Structures are given as C-alpha cells and as structure tokens.
Amino acid sequence: MKKNNFYITTPIYYPSGNPHMGHAYSSIFADVFARYMRNDNHKVYFLTGTDEHGLKIQKAAEKDGLEPLKYCDKLSKVFMDLTNQLNLSNDDFIRTTEKRHYKSVNDLWNRLEKSGDIYLSKYKGWYSVSDEAYYNEDEIIEKNGKKFSTFSGSPVEWVEEESFFFKLSNWTDKLLEFYYKNKNFILPVSRRNEVINFVKTGLKDLSISRTSFTWGIKVPNNAKHVIYVWLDALTNYLSALNFPDEKNNLYKDFWPASLHIIGKDILRFHAIYWPAFLLAAGIQPPKRVFGHGWILSGDEKMSKSKGNILNPIEIISTYGVDQLRYYLMKEVSHGSDGSISLKNLENCINSDLANNYGNLCQRIFSFVSNNCNGTIIKTLKESKSDLNLIKETQKLTKNLRTEMDTQNLNNYIKSVINISFLTNKYINDEEPWKLKKENIEKMNNILHLSLEQIAKISILLNPIIPLSTSKVLDALNIDKKSRNLSFLDGENILSKNVKINNLKILFKKII
Ligand code: ME8
C-alpha cells in the first residue's frame with residue numbers, strides 16, 4: 001500500500017537573538033516526527049528556517065549597528081548551525097529574505113486582492129513589536145503606567161497608520177465550519193477548544209500592511225506599504241515548495257502540509273489567520289497544527305531577564321545531543337507547559353539512557369562478544385518466558401502508531417522504554433550467563449531474543465536518539481533499508497544467525 005507523503009514544518013525562527021531551549025524544543029519535536037515517518041516508509045519533507053522581516057528584526061539590526069539584511073545573514077547562520085548541533089534532518093532551510101519567498105508572497109497577496117478580501121483603510125490600535133501582533137482593547141492591561149498584552153505579557157504600543165486590511169470578519173463562520181469538519185486540524189484538543197471559543201466571539205478584520213517602517217516585502221504596486229510580517233512569514237510553508245508553481249513536484253507531492261509544529265503562543269496565527277488566508281486564496285489549508293506548551297524553568301517561563309535560561313548548545317557540549325533530545329521529548333509534556341532543570345536532565349539520562357537502554361545494549365553486546373565470538377545462532381523454539389516477553393512487547397507496541405498519529409510522543413517513549421525495562425528483567429530472570437556450560441542452545445536463544453528486542457527498541461527510539469541507536473543498529477549489522485517499522489506488523493528483524501560487532505559505551509552515567 002502506498003503511504004501518504006508527509007510535509008512537516010517547524011516555525012521559522014526570529015533571528016533576533018541567540019537560539020534558546022524553546023527553539024531547540026520545537027525543532028527536535030518536529031525532527032522526531034520527520035524521522036519517525038521516514039522510518040515508517042513515508043516520503044517526507046521537513047522544513048525549517050528564519051523569519052527575517054518586520055519591526056522586531058529591524059530594531060534588533062539597528063541595535064547591532066548593522067543593515068537589516070547583513071544582520072539577518074549573520075543571525076540566520078546561527079540558526080542554520082543550530083540545525084546541525086541538534087542533529088535535525090531537515091530537507092530545506094528557508095529564509096524569508098530569499099527571492100523564492102518574495103515571489104510566493106507576492107502571488108498570495110495578488111490572489112487575496114483578486115478574491116476581494118483586501119481593502120485599504122486606517123489601523124488604530126495596539127501593537128506588540130516583540131510578538132509582531134495586534135491586540136484588542138480587552139486584551140491590554142496597564143502596569144506602572146505602561147500597557148501590556150494580557151495574552152503574552154509583552155509591551156504594546158499605540159499605532160495609527162494607513163493600512164491594508166484582510167476581511168477576516170467574513171471568515172468567522174467558514175472557519176468554524178472548517179474546524180468542525182476537520183476535527184484534528186488543531187491538536188491537542190484543549191488548544192482546539194481555545195481557538196474555537198475565540199473565533200466564536202467573532203473575528204475582526206486584520207491589518208496586513210504597515211507604513212511606519214520599511215523592512216519587509218513591499219505590497220505589490222504600492223511601495224509605501226510593507227506586508228504584515230505574519231502574512232509574509234506564514235507563506236514560507238508554500239515558498240519552500242516553489243509555490244506559485246503548482247505543477248512542480250514538490251508542491252504536488254507535499255501540499256497541503258501534513259503537520260505544522262508550533263508553540264502555543266503562535267496558535268492564533270497558524271490556526272486562524274493561516275487557514276483563512278489560504279481558503280480566501282483558493283489554496284487548501286494544512287491538515288494539522290499542533291501547538292505544544294512552553295518550557296519553563298521551575299515554575300517560571302524561561303527568559304533572559306530572569307536569568308533562568310538553559311542554553312541548548314552548552315547542554316549539548318556537556319551531556320550530548322541525544323541526551324538533550326531524549327530529555328526534552330520524554331520529560332516535557334507536549335500538550336501543556338513543562339519545567340526543565342539540570343537535575344531532572346541528569347536523572348533522566350541516568351535512569352532511562354544509562355541504566356535502562358544503554359545497560360541493556362552493553363550487557364548483551366559485551367557478553368556475546370566475549371563469550372560467543374560475536375555470533376549467535378537460534379536453534380530452539382521459544383520458551384514460555386520468551387513467549388511472555390514477546391507478548392508483553394506486542395502489548396506495548398500495539399498502540400504506538402496511534403499515539404504518533406496524534407503527536408502523543410510522551411506515551412510513545414514511555415511504552416518503548418518500558419519494553420527495554422521488561423527486556424532487562426527477562427535477562428535478569430533467565431540468567432543466560434549461568435547456561436554457558438549446561439545448556440548453550442538455550443543460552444543462545446535467550447541472547448538471540450535479547451538482541452531482537454534491542455533491535456526493535458533501537459528502531460523505535462531512533463527518531464529521538466538517532467546517533468546512539470544508529471551505533472547499535474550498525475553493530476547489529478542491520479542494513480539501513482531494514483531499519484523501518486514493518487516489525488510492528490509482526491515480522492522479525494533478525495535472521496536466525498546473527499553476527500554482531502563490538503559496541504562502545506553509549507551513555508556515561510552522570511555521578
Ligand atoms: O514565533 N518553550 O519565532 P520565535 C517552548 N517567527 N517553545 C518556545 C519557547 C519556550 N520557552 N519560546 C519560544 C516565531 N518557543 C515566528 C514563527 S512561523 C510562520 C513564524 C517556540 O523565534 C515558539 O512557540 O519567537 C515558536 O514555536 C518557536 O519557538 C519560534 O519562536
């Protein structure tokens with residue numbers, strides 16, 4: 001059966017400062033799904049990049065004493081480097097200052113104009129530069145004489161200027177109908193409810209151009225206006241597929257996008273504005289927007305001013321990239337906010353990676369290398385305890401695809417690490433080392449099943465900890481093409497005759 005193509009995106013990052021843990025989290029989360037779907041034999045396209053226009057970037061460039069484009073060249077490179085440091089498997093990295101993107105944004109604007117969804121008027125209201133967002137009067141609070149958004153806590157300023165508007169108010173009912181018809185368009189469900197409740201109150205027309213600064217894409221035929229940075233930025237998802245050339249293979253293969261991974265702070269843009277723009281332009285909206293929670297430090301949001309930022313690059317150089325990836329994906333709840341700390345990171349590395357999966361691999365590999373010359377041949381039928389382990393493993397793998405279909409990665413990891421735990425227990429109970437003299441065939445069978453379990457666990461954990469699991473799969477001599485999820489349908493991975501190579505320590509215990 002032909003599998004669906006899968007187009008997954010991260011938000012394109014504002015290069016207005018150095019990457020932080022929230023950026024790492026969003027990127028790794030998306031990368032895990034890209035890798036998982038590739039391993040499940042889907043054709044995958046995974047996009048990330050940088051969001052380089054607007055007042056926020058213009059101000060950051062001024063502060064740095066650079067022309068905006070020079071500034072973006074410098075900072076975009078830092079984010080590109082991040083993709084390597086986090087070991088992302090992205091197929092493309094888009095910058096919104098690229099020609100291909102300008103072409104795509106211009107075309108989308110022209111379509112919206114043609115459909116009668118754009119008109120010229122004047123914007124009077126609140127704007128937050130750091131969120132690049134407009135807020136209603138009832139979303140503002142005053143503290144010490146200054147105004148802030150109640151939604152994000154960011155400072156807002158009063159803006160009055162000529163602006164083009166998008167007739168978002170016309171889309172209230174059509175969007176609600178779209179959400180009801182496409183039940184899984186917004187996940188998790190709590191975010192879907194949040195959006196539906198907001199839309200139900202009625203949408204106001206949206207200002208989609210600015211005239212008080214210049215750093216952006218000019219409105220076609222009206223150079224006084226630059227296009228609102230969110231209309232510009234969201235279009236990146238189309239630009240990367242060579243839109244407006246709808247006949248090219250990338251667009252044909254991958255639009256509509258399968259999954260936009262985003263943080264909850266930018267849900268409104270992706271779940272309301274984006275499908276409205278696309279529906280108005282006669283383009284199919286994406287299939288899903290998943291809004292993950294915030295990473296907190298203790299109970300507080302991580303922020304520079306609070307000095308509680310854990311720097312992803314420092315963590316990687318101290319603990320390793322798989323370690324950071326595993327910790328963020330396992331311990332931070334994907335739907336809600338989650339706090340992280342060095343202590344929890346170390347506990348997680350020790351308990352799950354070093355003592356559980358790492359120990360399982362190490363003990364079996366070194367035993368097979370030292371006692372069996374690296375070769376195991378299975379000759380016997382499964383014993384009762386073998387069958388029990390196989391049955392328990394099947395129970396734990398049964399729902400894995402369903403969990404991943406709804407981005408429930410926390411449950412997925414818990415189940416997989418549980419398989420590792422059960423396999424360690426099986427080895428402790430069966431004590432193969434005691435059988436070397438009296439029953440070598442039985443010993444071989446136990447080791448064979450242990451290696452089969454290691455192969456399964458490694459393939460399942462591969463999207464999360466690709467470096468370490470690849471070492472194990474290499475040492476098991478499993479060729480790259482066979483590292484897929486077809487065993488979930490009941491097949492075995494290893495043949496009866498297994499030859500392994502030596503395996504070095506995967507995870508050092510942190511003391
Ligand atoms: O929003 N915890 O860019 P950005 C979890 N350019 N996620 C966090 C976080 C935290 N503490 N802080 C930020 C933008 N993020 C736009 C996107 S897409 C067309 C344009 C997440 O650099 C945030 O939710 O401010 C977002 O998903 C991503 O990091 C990039 O944030």
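How do the residues of the shell around the ligand divide into nonpolar, polar and charged? They comprise 12 nonpolar, 9 polar and 2 charged residues, where Ala, Val, Leu, Ile, Met, Phe, Trp, Tyr, Cys and Pro count as nonpolar, Asp, Glu, Lys and Arg as charged, and the others, Gly among them, as polar. The structure is a predicted model, in which local features need pLDDT of at least 70, side-chain atom pairs count only at pLDDT 80 or more, and totals for chains, interfaces and linings use all residues. Residues are numbered from 1 along each chain as its sequence is written, and side-chain values use heavy atoms, with hydrogens and water left out.

**Ligand environment**

- The ligand is surrounded by 23 residues, a residue being near a molecule if one of its heavy atoms lies within 4 Å of it.
- Ile12, Asp51, Gly263, Asp265 and Ile295 come nearest to the ligand.
- The side chain of Asp265 places an N or O atom 2.5 Å from an oxygen atom of the ligand.
- For the side chain of His23, the corresponding distance between an N or O atom and a ligand oxygen atom is 3.0 Å.
- Tyr14 approaches through its backbone, with an N or O atom 3.1 Å from an oxygen atom of the ligand.
- On its own the ligand has 660 Å² of accessible area, of which the protein covers 94%; accessible areas come from the Shrake-Rupley method with a 1.4 Å probe, and for residues only the protein chains shown count as cover.
- Helix 1 (21–39), helix 7 (229–234), helix 8 (236–239) and strand 14 (259–263) each contribute at least two residues to the shell; helices (H or I, at least four residues) and strands (E, at least two) are DSSP runs, numbered from the N terminus.

**Salt bridges**

- The whole structure contains 31 salt bridges, each defined as a side-chain nitrogen of Lys or Arg within 4 Å of a carboxyl oxygen of Asp or Glu.
- Side chains of opposite charge can pair when their charged atoms come close.
- Asp253 and Lys43 are joined by a salt bridge with an N to O distance of 2.8 Å.
- This pair connects distant parts of the chain, 210 residues apart: Asp253 belongs to helix 9 (residues 249–254), and Lys43 to the loop between helix 1 and strand 2 (44–50).
- Asp253 is partly exposed at a relative accessible area of 27%, and Lys43 is also partly exposed, at 44%; buried means under 20% relative accessible area, exposed over 50%, and partly exposed in between (1.4 Å probe, protein chains only).
- Arg95 and Asp73 form a salt bridge of 2.8 Å, N to O.
- Arg95 in strand 3 (residues 92–95) and Asp73 in helix 3 (residues 68–85) are 22 residues apart, and the pair links distant parts of the chain.
- Arg95 is buried, with a relative accessible area of 15%, whereas Asp73 is partly exposed at 36%.
- In the salt bridge between Lys378 and Glu382, the closest N and O atoms are 3.0 Å apart.
- Lys378 is buried at 15% relative accessible area, whereas Glu382 is partly exposed at 36%.
- A network of salt bridges links Lys3, Asp40, Arg401 and Asp489.

**Surroundings of His260**

- His260 lies in strand 14 and is buried, with a relative accessibility of 0%.
- The side chains of His260 and Thr9 share a polar contact of 2.8 Å; a polar contact is a pair of N or O atoms within 3.5 Å, and within protein one must be able to donate a hydrogen and the other to accept it, while residues adjacent in sequence count only if both atoms are side-chain atoms.
- Not counting residues up to four places away in sequence, His260 touches Thr9, Tyr237, His270, Trp274, Pro286, Arg288, Val289 and Phe290, contact meaning heavy atoms within 4.5 Å.

**Backbone geometry**

- Most residues other than glycine have a negative phi, and most peptide bonds are trans.
- The peptide bond from Leu187 to Pro188 is cis, with omega near -10 degrees, and Pro188 sits in the loop between strand 9 (186–187) and helix 6 (189–200).
- A cis peptide bond also runs from Phe243 to Pro244, with omega near 10 degrees; Pro244 is in the loop between helix 8 and helix 9.
- Asn242 lies in the loop between helix 8 and helix 9, has a positive phi of about 65 degrees, and is partly exposed at 35% relative accessibility.
- Asn477 has a positive phi near 60 degrees and lies in the loop between helix 18 (466–475) and strand 20 (497–499).
- Asn477 is partly exposed, with a relative accessible area of 45%.
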